[in-house]
Amino acid sequence: MTAIDLGLPALGGLDDVPTTEEPGKAKDYKSDQEVRWCPGCGDYIVLNTVQSFLPSLGLKRENIVFVSGIGCSSRFPYYMNTYGMHSIHGRAPAIATGLATSRPDLSVWVVTGDGDALSIGGNHLIHTLRRNVNLTILLFNNRIYGLTKGQYSPTSDQGMVTKSTPMGSVDTPFNPISLALGAEATFVGRALDSDKKGLSEVLGAAAAHRGSALVEIYQNCPIFNDGAFDVLKDSDEAASRLIPLRTGEPVTFGPEGEHAVVRSGFGGLKVAATSEVSTADIVTHDPTIDDPAYAFALSRLDDQTLTHTPTGIFRQVQRPTYDDAAREQVSKARHNKPADLQAVLTGNDTWTVS
Amino acid sequence: MTTDESTALRASRSTEVTRLERVVVRFAGDSGDGMQLTGDRFTSEAAAFGNDLATLPNFPAEIRAPQGTLPGVSSFQLHFADYDILTPGDRPDVLVAMNPAALKSNIGDVPRGGTVIVNTDEFTSRNLTKVGYESDPLADDSLEPYTVHHVAMSTLTKGALEETGLGKKDAERAKNMFALGLLSWMYHRPTEGTERFLREKFAGKPVLAEANVLAFRAGWNYGETTESFATTYEVAPASLPSGTYRQITGNLALAYGILAAGQQSELPVMFGSYPITPASDVLHEISKHKNFNVTTFQAEDEIASIGAALGASYGGALGVTSTSGPGVALKSETVGFGVMTELPLIVIDVQRGGPSTGLPTKTEQADLLQAMHGRNGESPVPIVAPQSPGDCFDAALEAARIALVYRTPVFLLSDGAIANGSEPWLVPDVETLPDLRVKFATEPNATDGSGEFWPYVRDTETLAREWALPGTPDLQHRIGGLEKQDGAGNISYDPDNHERMVRLRQAKIDGITVPEATVDDPTGDASVLALGWGSTYGPIGAACRRVRAAGLPIAQVHLRHLNPLPANLGEILAAYDRVILPEMNLGQLAQLLRARYLVDIISHTKVAGLPFKAEELADTFTDVITSSNGKEGHL
């Protein structure tokens, strides 16, 4: 698995992380802890995919760290035989920012859910993306609170009846991709829990990205929101709903490619019948476009109903990262001026008592 | 003007010179009048002259409260002396009032017979009405108890700057330097430093530099040439322990202490912070010294700032966060997480008046119980409190020692009084600073022979767990906020294990080695003990001196470690008939000590946003001593 070659200055997300000739196998990434998600939980598939995928990075296992918040998905680090921290609700991006900034030799992964990242931790998520800290965020979106047993989340459908909304939720949900783009994210992708290949591809590009990479994973909660994404997995329905984003290719989908994405109105996009538009009107996917309006328009094709759901890489642009810049300042300061503690303590304005 | 020149000038006139042991001067004006700068400069002059000194800045939380109003008054008090002093002084001997609001809000503190210097230009009927003066206090007899000097500072300053080409408004702004010049003349202060300072401060604007220097000299010359000031005063240099001194504020000393901790531990420092009064200066200072391998992170909020610090600690840095009380409230969950994950972390709390937003620019010691108990569950955290501005340096190193040796968050409780207050500081020799280097885990340590790394295996002496850094081969492990299995560190909900872990975490903190408390009892026969912690050291110490000077014995103990307490404290408390404990809260330490030692401590409290006065404490101590002489029972 390799990252897409963008022909851009080659500073990769893992460039400072030590590699090994023997990256091991999936089983080397399994910890000795019993996995305790509910039977049928989408988290199992994601865990397996990540464990199978990681050896492909060729990194020393001890240089990989998973940091999570609170929620079902946040148990993830316990099951990974890497370094890991199961932190506090919503704060994983902040904790990971400190770790990634002080340790460029680590591959830092944040595992979070829709409640953890978008509700209690919304502030840290947007600011981490804005700063473009070199880390990868896996956002498990099951559109429900699982660990607290079934309350609506910031991505739940309006009107959804849950334990805390017996008359239906009146909240407007977040579109996590739109939110991330609004927060100046440099890498935004999406995959389904069940799509091992698609998820692995997005993970590979996310890991190779220098900066914050947000990967939204549609994940099924079999207990409190079962089947939320079934229409995207149904063999009859999926092909006409999923819009696979492939760099350099026209955005068409459907069993026979009969649907296409074309420009519409004020920089927006819409779905049209391929037969009714000219080839020139069909957009060719390019996640490296600097203006986030294109990726945003892609994200708006999905209106929560999963009628049209783009998957793959929405945006992938280069921007200096917070941690590189912060380390650069420290290294420049150290280079320019030796740390002379005695001189600082003494200062310029002293007097002597004899 | 050089000192020589000024001496020559002075010799030409027959001004009476009075020698004083100590003087308290207060500059008061509108918050736009530059009183803090004026006070700072006068302090530097006193320091350069070799006086001992202590300062008390006092300013509103608003950057610019409405001009000329009582809430907009900003003041700076300086106590300087020819001997070692402990406080910024109770009452100003000299009040410089730049406007009616400054006079009205400060005159009550001036003792009868004190000197008041007013800027008469601001005493217009409009300004008088604004602060509720029905008649002009400069014209009626309300200031009769004081020696009042009427000086048209604005007019005189504008006159002195006529040649500079500055507009009248800009020229008038230099009137604070006029006041400084006048006071510098009155107290025979060296002036070179101030002139150099002004030229450097306004290096980019030579016209302003010249204008301020001119205003400063005009103030000096006004004192020298007019007949209105019959007396000048000399306060000789103090005889302090020998060495090199500088002036330092508590926040600066805290910042230096953190830099020193990074150097002495040979660890990178991750300083996560969010701006908050009165702690922001620590962030400002540290961010200037990135060459000390320090990263400063101004986070999106208090929570992220401590989170990043703790995340960096996990990676092997010295994580530090700084804030004030409201920020501590937000950081509490992460402090608890640090307790659970047993990682080093320094939490600096520069306390201010509370609750809630409270009094941002005023001092208080009311976060002690928050630091002690403000978390869910049994969550013990060591607490260290500096006793003076300079002591903030040593306290920061001590907090770092505890954090690193015991792998725990540590609270460092400073407060607004010592954060902004300054004093002469005997510059430490870096060779004498403690060695704070730590050993990271390098190999598997499982006690079951499995060859695994167990994150919660403890050092038998300190009970600290091993610090295993990501990147170390074969030590991959997971930590988190869920209860840990003793040793192996896996998640455990086992009742007996939780019981054991709660007690282990407590035992680790209880077992931290801290120096014994020392008793200051010069006569050795005191039956009353004055106990304190943190910034009250100055006023309590000064009060004890007064009491002793009056012939009454009193002992003093001042606590730097609030958790754990010194091992000999119980014994000390039991040795005195009466223990009096002044605190700038409603008796928080008293409550802890009563519960712990069953000693009936007399709690003396004040929450006025200002430090105790030595005078009021001396009176209180005297009352306690005299009422306990020959009496059984309680007060």
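**Exercise 1. Sort the residues of strand E12(B) by the way they point, and say whether they are buried or exposed.**

Step 1: Leu318(B), Val320(B) and Ser322(B) point one way from E12(B), while Gly319(B), Thr321(B) and Thr323(B) point the other way. That fits the usual rule: side chains in a regular strand alternate between the two faces of the sheet.

Step 2: on burial, six of the six residues of this strand (318–323) are buried, so call it mostly covered. Here, buried takes 20 or more other C-beta atoms within 10 Å of a residue's own, exposed takes 12 or fewer, and partly exposed sits in between, with C-beta atoms placed from the backbone.

A word on ground rules: this is a predicted model, where local features need pLDDT of at least 70 and side-chain atom pairs count only at pLDDT 80 or more, while totals for chains, interfaces and linings use all residues. Residues are numbered from 1 along each chain as its sequence is written, and chains are lettered from A and ligands numbered from 1 in the order in which they are written.

**Exercise 2. Find which strands pair with E12(B), and in what sense.**

Step 1: strand E10 of chain B (residues 269–273) pairs with E12(B) in the parallel sense over five bridges. Pairing calls for at least two DSSP bridges between two strands, and the strands (E, at least two residues) and helices (H or I, at least four) are DSSP runs numbered from the N terminus. Ser273(B) stands opposite Ser322(B).

Step 2: strand E13 of chain B (residues 345–351) also runs parallel to E12(B), joined by four bridges. There, Thr323(B) stands opposite Asp349(B).

**Exercise 3. Work out how helix H5(B) sits and how it crosses H9(B).**

Step 1: H5(B) covers residues 153–160, and six of its eight residues are buried, so it is largely enclosed by the rest of the structure. The buried ones are Met153(B), Ser154(B), Leu156(B), Thr157(B), Lys158(B) and Ala160(B).

Step 2: those residues pack against several elements of chain B, among them strand E6 (115–119), strand E7 (147–151) and helix H9 (206–225).

Step 3: H5(B) and H9(B) pack at about 120 degrees with axes 9 Å apart. Axes are lines fitted to C-alpha atoms, for helices over the stretch in contact, and angles run from 0 to 180 degrees between N-to-C directions. The two helices are therefore oblique; under 35 degrees would be roughly parallel, over 145 roughly antiparallel, 65 to 115 roughly perpendicular, and the rest is oblique.

Step 4: the crossing is right-handed, meaning the near helix is turned clockwise from the far one by less than a right angle (anticlockwise would be left-handed).

Step 5: Leu156(B), Thr157(B) and Ala160(B) in H5(B) meet Leu214(B), Ala215(B), Ala218(B) and Tyr222(B) in H9(B), where contact needs backbone-placed C-beta atoms within 7 Å. By class, this gives six nonpolar, one polar and no charged residues. Nonpolar covers Ala, Val, Leu, Ile, Met, Phe, Trp, Tyr, Cys and Pro; charged covers Asp, Glu, Lys and Arg; the others, Gly among them, are polar.

**Exercise 4. Describe how H18(B) and H21(B) cross.**

Step 1: the axes of H18(B) (residues 537–549) and H21(B) (residues 614–628) come within 8 Å and cross at roughly 55 degrees. They are therefore oblique to each other.

Step 2: H18(B) passes H21(B) in a right-handed crossing. The contact has ten nonpolar, one polar and one charged residues.

**Exercise 5. Trace where chain A meets chain B.**

Step 1: the contact takes 51 residues from chain A and 59 residues from chain B. H2(A) gives the most to the chain A side, with eight residues.

Step 2: E12(A) runs antiparallel to strand E9 of chain B (residues 243–249), joined by four bridges. Val353(A) has Gly243(B) as its bridge partner.

Conventions: Contact = placed C-beta atoms within 7 Å.
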